[in-house]
Amino acid sequence: MTATPLPAEFTLARSHNADRSSPARWVVSHALRYWPILLLIVIGAFGNGALAGVVPRYVGRAFDDMLAAAPSLSLLLQTALAIGVSQVVRGVLQFGRNFGAEIMAQRIERDIRDELYLSLLGKSMTFHNLQPVGDTMARATNDVREVNFMFSPGLNLVVGSFFFLLVPLYSGPRIHPDLLLVPVLFTIAYFIALVQYLRTL
């Protein structure tokens with residue numbers, strides 16, 4: 001015996017029609033509304049990961065120059081300036097990434113609260129009589145807040161960690177081929193853990 005859905009007292013127009021065919025598509029449909037912020041997060045994460053690899057390379061060059069027979073003070077100053085400028089740019093990109101992720105998470109939480117509120121308003125009085133009030137309140141507060149956490153820090157950390165993996169995979173073999181082994185093994189373990197983490201989310 002299949003239960004028939006309870007009729008609604010009235011219907012309300014939605015500002016955004018989310019894809020409800022699956023939980024993942026529902027979340028993605030909400031996230032794609034803010035694709036410029038999503039692009040900012042990706043660019044910030046890529047720049048942060050790439051510029052993080054600048055410091056050890058330039059510090060290594062500075063040590064090589066200091067160990068040379070005739071160290072060049074001008075070269076050391078150029079190296080120090082390059083490190084300083086790169087880390088200032090990295091800080092700006094990291095701020096943009098974190099700020100964008102937080103803004104996106106807050107806006108998506110707002111949209112989902114509106115969607116849930118409209119859904120509850122459209123339910124029949126019979127539905128509300130049968131539905132425990134505590135369960136409805138928990139979904140309206142705790143569950144919606146968890147979607148916020150999924151984007152900030154959840155998605156932000158996943159994207160940032162992914163680009164931090166690309167730096168040693170790219171720069172390691174250019175220094176010595178043996179330096180590729182550990183990043184490859186770590187990347188495999190990372191993606192296995194990532195799949196499990198995303199399933200939980």
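Tutor: Before we begin, a residue is called buried if its relative accessible area is under 20%, exposed if over 50%, and partly exposed in between, with a 1.4 Å probe and protein chains only. The model is a predicted one, where local features need pLDDT of at least 70, side-chain atom pairs count only at pLDDT 80 or more, and totals for chains, interfaces and linings use all residues. Residues are numbered from 1 along each chain as its sequence is written, and side-chain values use heavy atoms, with hydrogens and water left out.

Student: Why is glycine 47 called buried?

Tutor: Glycine 47, which is found in helix 2, has a relative accessibility of 10%, and because buried means under 20%, glycine 47 counts as buried.

Student: What makes helix 2 roughly antiparallel to helix 4?

Tutor: The axes of helix 2 (residues 35-52) and helix 4 (residues 73-121) come within 8 Å and cross at roughly 150°. Angles under 35 degrees count as roughly parallel, over 145 as roughly antiparallel, 65 to 115 as roughly perpendicular and the rest as oblique, so helix 2 is roughly antiparallel to helix 4. The axes are lines fitted to C-alpha atoms over the stretch in contact, and the angles, from 0 to 180 degrees, are taken between N-to-C directions. Helices themselves are DSSP runs (H or I, at least four residues), numbered from the N terminus.

Student: Which kinds of residue make up the contact of helix 2 with helix 4?

Tutor: That contact divides into 12 nonpolar, 8 polar and 3 charged residues, where Asp, Glu, Lys and Arg count as charged, Ala, Val, Leu, Ile, Met, Phe, Trp, Tyr, Cys and Pro as nonpolar, and the others, Gly among them, as polar.

Student: How do you know that phenylalanine 46 and phenylalanine 163 form an edge-to-face pair?

Tutor: Rings of Phe, Tyr and Trp (its six-membered ring) pair if their centres lie within 6.5 Å, and planes under 30 degrees apart count as stacked, over 60 as edge-to-face and the rest as tilted. Here the centres are 5.6 Å apart and the planes stand at 80°, so the pair is edge-to-face. Phenylalanine 46 lies in helix 2 and phenylalanine 163 in helix 6 (residues 133-175), so the pair ties together parts that are 117 residues apart in sequence.

Student: Why is phenylalanine 162 called partly exposed, and is phenylalanine 163 buried or exposed?

Tutor: Phenylalanine 162 has 32% relative accessibility, so it falls in between the two cut-offs and counts as partly exposed. Phenylalanine 163, with a relative accessible area of 13%, is buried.

Conventions:
Helix = DSSP H or I, 4+ residues; strand = E, 2+ residues; numbered from the N terminus.
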